[in-house]
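Me: I would like to learn how to read a protein model, one feature at a time. Where do we start?

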Amino acid sequence: MKKQKYIFLIITFALSFGLALFVAMKVFPNNPFSKTKTETKTESSKIQDGDIIFQTSQSPQCEAVRIATNSKFSHCGIIYDINGNWFVFEAVQPVKLTPFDEWIQHGKDNKYVVKRLKNADKVLTPAVLQKMKEYSQQFDGKEYDAYFEWTDTRIYCSELVWKIYKNAAGIELSKLRELKSFNLEDPRVQKILKERYGNEIPLEEKVVAPSDLDDSNLLKTIIDNY
């Protein structure tokens with residue numbers, strides 16, 4: 001009888017602990033038992049200075065970007081090692097450095113893709129990476145460019161990445177395109193264009209989208225947890 005009592009207590013404790021752990025993982029996704037947190041730490045060990053990271057942001061504009069570019073990606077940035085800590089340099093409002101783990105949480109379902117130059121070991125030397133970081137400083141704190149103009153006054157995410165690689169590392173990740181080359185006919189895209197430009201859409205404006213960088217044949221995939 002006493003043995004059965006002990007077995008009952010053990011089973012009850014095990015079930016209670018399991019239930020508590022399940023609730024904790026759902027309510028507190030970043031707790032030490034969280035799979036996402038563990039995976040983030042494991043995957044972050046694969047990244048390198050200068051890698052490019054992509055995610056699916058969630059907003060009407062980001063949805064329009066995905067539709068217009070036929071891509072799941074609507075945001076990107078450059079990964080930098082700053083004093084031994086990982087950050088993503090990104091063009092949001094305003095342009096800034098965001099801690100790597102925090103940046104991941106801003107994307108849909110914490111999913112992201114990291115890409116790297118195929119010859120990064122030869123090209124992205126410490127001197128080149130330092131030049132990229134120094135060049136990046138001129139954009140820090142600048143306004144986000146919701147009009148996608150090819151100027152340095154304001155800047156958007158893929159433009160930021162493209163210009164840093166082009167002007168600091170001498171690498172053209174992709175060809176520039178005209179706005180009219182994207183899929184602009186969808187009503188959701190039309191709505192955003194109407195809000196931004198009224199009836200004067202700059203169809204010949206030079207642009208680069210996250211999808212253009214993602215499709216670059218100069219890059220290889222390092223992490224893809226979609």
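Reply: Helices and strands are DSSP runs, numbered from the N terminus, a helix having at least four residues and a strand at least two. The model here is predicted. The protein has nine helices and eight strands.

Me: How many residues does the protein have, and what share of them count as buried?

Reply: A residue is called buried when its relative accessible area is under 20%. The protein has 226 residues, and 42% of them meet that description.

Me: What share of the contacts in the protein with a separation of 6 or more comes from residues 24 or more positions apart?

Reply: A contact means heavy atoms within 4.5 Å. Residues 24 or more positions apart supply 69% of the contacts counted from a separation of 6 upwards.

Me: Can we take one pair as an example? How many residues apart in sequence are Phe100 and Ile53, and what is their C-alpha distance?

Reply: They are 47 residues apart in sequence, while their C-alpha atoms are 9.9 Å apart in space. Phe100 belongs to helix 4, which covers residues 100-105. Phe100 counts as buried because its relative accessibility is 2%.

Me: Now the packing of helices. At what angle do helix 3 and helix 8 pack?

Reply: Angles of 65 to 115 degrees count as roughly perpendicular and those over 145 as roughly antiparallel. Helix 3 (residues 60-69) packs against helix 8 (residues 187-197) at about 120 degrees, and their axes are 8 Å apart. Helix 3 is therefore oblique to helix 8. Their crossing is left-handed.

Me: Which residues of helix 3 and helix 8 meet?

Reply: From helix 3 come Pro60, Gln61, Glu63, Ala64, Ile67 and Ala68, and from helix 8 come Arg188, Val189, Ile192 and Arg196. By type, this contact has six nonpolar residues, one polar and three charged.

Me: Where is the second pair, helix 6 and helix 7, and how far apart are their axes?

Reply: Helix 6 spans residues 126-136 and helix 7 spans residues 157-169; their axes are 9 Å apart, at an angle of about 125 degrees. That angle makes helix 6 oblique to helix 7. This crossing is right-handed. Val128, Lys131, Met132, Tyr135 and Ser136 of helix 6 meet Lys163, Ile164, Tyr165, Asn167, Ala168 and Ala169 of helix 7. Here the contact residues are seven nonpolar, two polar and two charged.

Me: How many disulfides does the structure hold?

Reply: A disulfide needs two cysteine sulfur atoms within 2.5 Å. The structure holds zero.

Me: Why is there no bond from Cys76 to Cys157?

Reply: The sulfur of Cys76 has its closest cysteine sulfur in Cys157, and there is no bond because the 4.0 Å between them is too far. Cys76 counts as buried, since its relative accessibility is 0%. Cys157 counts as buried too, with a value of 5%.

Me: What should I look for in the backbone?

Reply: Most residues other than glycine have a negative phi, and most peptide bonds are trans. The exceptions are worth finding. Asn70, which is not glycine, has a positive phi near 50 degrees. Asn70 sits in the loop between helix 3 and strand 2 (75-82). With a relative accessible area of 66%, Asn70 is exposed. Phe148 also has a positive phi, about 55 degrees. The loop holding Phe148 runs between helix 6 and helix 7.

Me: Which two residues does a cis peptide bond join?

Reply: The cis bond joins Gln93 and Pro94, with omega about 0 degrees. Pro94 is in the loop between strand 3 (85-91) and strand 4 (95-99).

Me: Is a loop residue such as Ser57 buried or exposed?

Reply: Ser57 is buried, at a relative accessible area of 11%. The loop that contains Ser57 lies between strand 1 (52-55) and helix 3. Beyond its neighbours within four places in sequence, Ser57 is in contact with Cys62, Arg66, Ser74 and His75.

Me: And where is Pro202?

Reply: Pro202 is in the loop between helix 8 and strand 7 (206-207). Pro202 is partly exposed, with a relative accessible area of 26%. Not counting residues up to four places away in sequence, Pro202 touches Leu179 and Tyr197. The C-alpha atoms of Pro202 and Leu179 are 7.2 Å apart, though 23 residues separate the two along the chain.

Definitions and conventions. Residues numbered from 1 in each chain as written. Predicted model: local features only at pLDDT ≥ 70, side-chain atom pairs only at ≥ 80, totals over all residues. Heavy atoms only, no water. Axes fitted to C-alpha atoms, helices over the stretch in contact; angles between N-to-C directions. Parallel < 35°, antiparallel > 145°, perpendicular 65-115°, else oblique. Left-handed = near helix turned anticlockwise from the far one by under 90°. Nonpolar A, V, L, I, M, F, W, Y, C, P; charged D, E, K, R; others polar. Buried < 20%, exposed > 50% of the residue type's maximum accessible area, 1.4 Å probe, protein only.
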